[in-house]
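Subject: Structure for your review

Dear colleague,

I am handing over the structure below, together with an account of what was found in it. Please keep it open while you read, since the notes move from the whole chain to single residues.

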Amino acid sequence: MFDLLKKKISGVVNSFISKKEEEIKSGGAPEEVNAADTSSVQDVQPQKLERRRVDNTEQKEDKTTSSEGAEKAAEGAGSEKREIEQEEKRGTHPKPEQEKQGSKVKLSIATKLKGTIFRNISLNDSEIGELVQNIEISLLQSDVAHETADKFATLLQNKLRSDKFDYRNIQAEISRDVREALLGVLESTGKGPDIMAMAKEKREKGEILKVLFIGPNGTGKTTTIAKVANLIKNSGLGVVISASDTFRAAAIEQTEHHGYKVGVPVIKSGYGADPASVAFDAIEYARAHRSDVVLVDTAGRQETNKNLIMELQKMVRVSKPDITIFVGESTAGNAIARQISELQKSIKIDGIILTKLDCDAKGGNAISIADITCVPIIFLCVGESYDAIMKYDPYFIIDAVVPAS
């Protein structure tokens, strides 16, 4: 799962890092620094600097003295010239060639390393734009919705602009920013309802937690209900399943089969019976047998079928569910978002369970579904066994898409 998205994002990041590392290597510290061009090099030639100060002083005095002083200055200058000639004969006065060589300072290996290794770098707007755009394209190619990809791009752009990177560890630090931006998207809807915690709270009050499951045909809804029932039972709570999908005779038999496998009672009626009345009977059975949770199955229905939507609304009025969960398969792409948005016009949806995640190589739907619908994901189904269900954790997706370095 998420294999395609992981491959695409890692490819984009690795390509960007390789390019950046090459730029850094080719732009290393210079071997020589001219003393006239840097303030860090001082006192290169004390004799020469002292001589310049003397010359400057003499020139200033020449402008302010009388003609008599000028003659003395000229005489002094001649004396100075003779002194310099004597120094040159003795070899104590630096020659122009020596001065030129002395004006450059060779950097030590340690200085070069400090200039190259111990520095942080910032990415410019062009680099950020290129990286973010390529990752955004990878998201779109992996079934992430446009709105979600745009939100991710904005979050990542802001992080990259505000951060500085130690280029010895630049790949890990950029991957960290990608993970944080992805977390911002996945946590945008907040946490969904906690069935176990709510069931325990209800039990303390002597009440029953009622959970209604809705969704189209073929998403694995009945099997998912059995997985949730198994999870609740293993936590020490009593649970009952209502076989309220009376539109298909096979659906009733399927619910019975799953209930038997996980050791949970199933309340049923005949084919074509009123689904709401079956749900009512299941709730009464749970009260009589001191069960804690009732899971209500429903017929698979499309959001465009008005008669089935009206039937669903009736079930809501009769059973008064505490939680309504939409079950959709992750491989359906962005169609799930449209289905949920339409159903929400008629019924409140509190959470989402995504099925068949193990069959979804792209995985983009798991990233965008909650963000688009504003309905949190509460469980992920990752296999066929009754134990192949896990509580939703955004880091499960993040670690699969962008592993921590």
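Among contacts in the chain between residues at least 6 apart in sequence, what percentage join residues at least 24 apart? The share is 79%, and please bear in mind throughout that this is a predicted model.

The chain as a whole

The chain holds 16 helices and 12 strands, and of its 405 residues 42% count as buried. About 21,600 Å² is exposed by the chain, with carbon and sulfur atoms supplying 49% of that area.

The sheet

Eight of the strands are best read together: an open sheet of 8 strands runs in the order β7-β6-β8-β5-β9-β10-β11-β12, and its pairing is mixed. Its edge strands are β7 and β12 (389-391), each of which pairs on one side only. Helix α14 (residues 335-343) packs on this sheet and touches β5, β9 (323-329) and β10, with a direction that makes about 155° with that of β9.

Towards the β7 end of the order, β6 is joined to β8 by 4 bridges, the two running parallel, and to β7 by 2 bridges, again in parallel. Isoleucine 241 takes part on both sides, since its bridge partner in β8 is leucine 295 and its bridge partner in β7 is valine 266. In a regular strand the side chains alternate between the two faces of the sheet. In β6, Val239 and Ile241 point one way while Val240 and Ser242 point the other way, and all of them are buried.

Towards the β12 end, strand β10 (residues 351-355) pairs with strand β11 (residues 377-381) in the parallel sense over 3 bridges, and isoleucine 352 stands opposite isoleucine 377 in β11. On its other pairing, β11 is joined to β12 by 3 bridges, and these two strands run antiparallel; there, leucine 380 has methionine 390 of β12 as its bridge partner. Strand β11 is mostly covered, with 5 of its 5 residues buried.

Two helices

Helix α12 (residues 275-288) has 14 residues, which at 1.5 Å a residue should span 20 Å, and its end C-alpha atoms are 20 Å apart, in agreement with that expectation. Which residues of α12 are buried? They are Pro275, Ala276, Val278, Ala279, Ala282, Ile283 and Ala286. Seen down the axis of α12, these buried residues fall within an arc of 160°, so they line one face of the helix. What covers them includes β5 (209-214), β6 (239-242), β7 (266-267), β8 (293-296) and α13 (306-319), and thus several strands of the sheet described above are among the elements that cover this helix.

Helix α8 (residues 170-186) passes the check on length as well: its 17 residues should span 24 Å at 1.5 Å a residue, and its end C-alpha atoms are 24 Å apart. Of those 17 residues 12 are buried, so α8 is largely enclosed by the rest of the structure. The buried residues include Ile170, Ile174, Val178 and Leu182, and also Glu173, Asp177 and Arg179.

Single residues to look at

Most residues other than glycine have a negative phi, and most peptide bonds are trans. Arginine 290, in the loop between α12 and β8, has a phi near 55°, a positive value in a residue other than glycine. At 76% relative accessibility, arginine 290 counts as exposed, because the cut-off for that term is over 50%. Cysteine 374 has a positive phi too, near 65°, and its place is in the loop between α15 (364-373) and β11. With 58% relative accessibility, cysteine 374 counts as exposed.

Finally, methionine 310 lies in helix α13, where it is exposed with a relative accessible area of 54%. Where sequence and space are set side by side, methionine 310 and serine 346 are 36 residues apart in sequence and 8.5 Å apart, C-alpha to C-alpha.

With best regards

Terms used: Residues are numbered from 1 along each chain as its sequence is written. This is a predicted model: local features need pLDDT of at least 70, side-chain atom pairs count only at pLDDT 80 or more; totals for chains, interfaces and linings use all residues. Side-chain values use heavy atoms; hydrogens and water are left out. The expected span of a helix is 1.5 Å times one less than its number of residues. Buried means under 20% relative accessible area, exposed over 50%, partly exposed in between (1.4 Å probe, protein chains only). The arc is that of the directions from the helix axis to the C-beta atoms. Contact means heavy atoms within 4.5 Å. Two strands pair if DSSP finds at least two bridges between them. Axes are lines fitted to C-alpha atoms, for helices over the stretch in contact, and angles run from 0 to 180 degrees between N-to-C directions. Accessible areas come from the Shrake-Rupley method with a 1.4 Å probe; for residues, only the protein chains shown count as cover.
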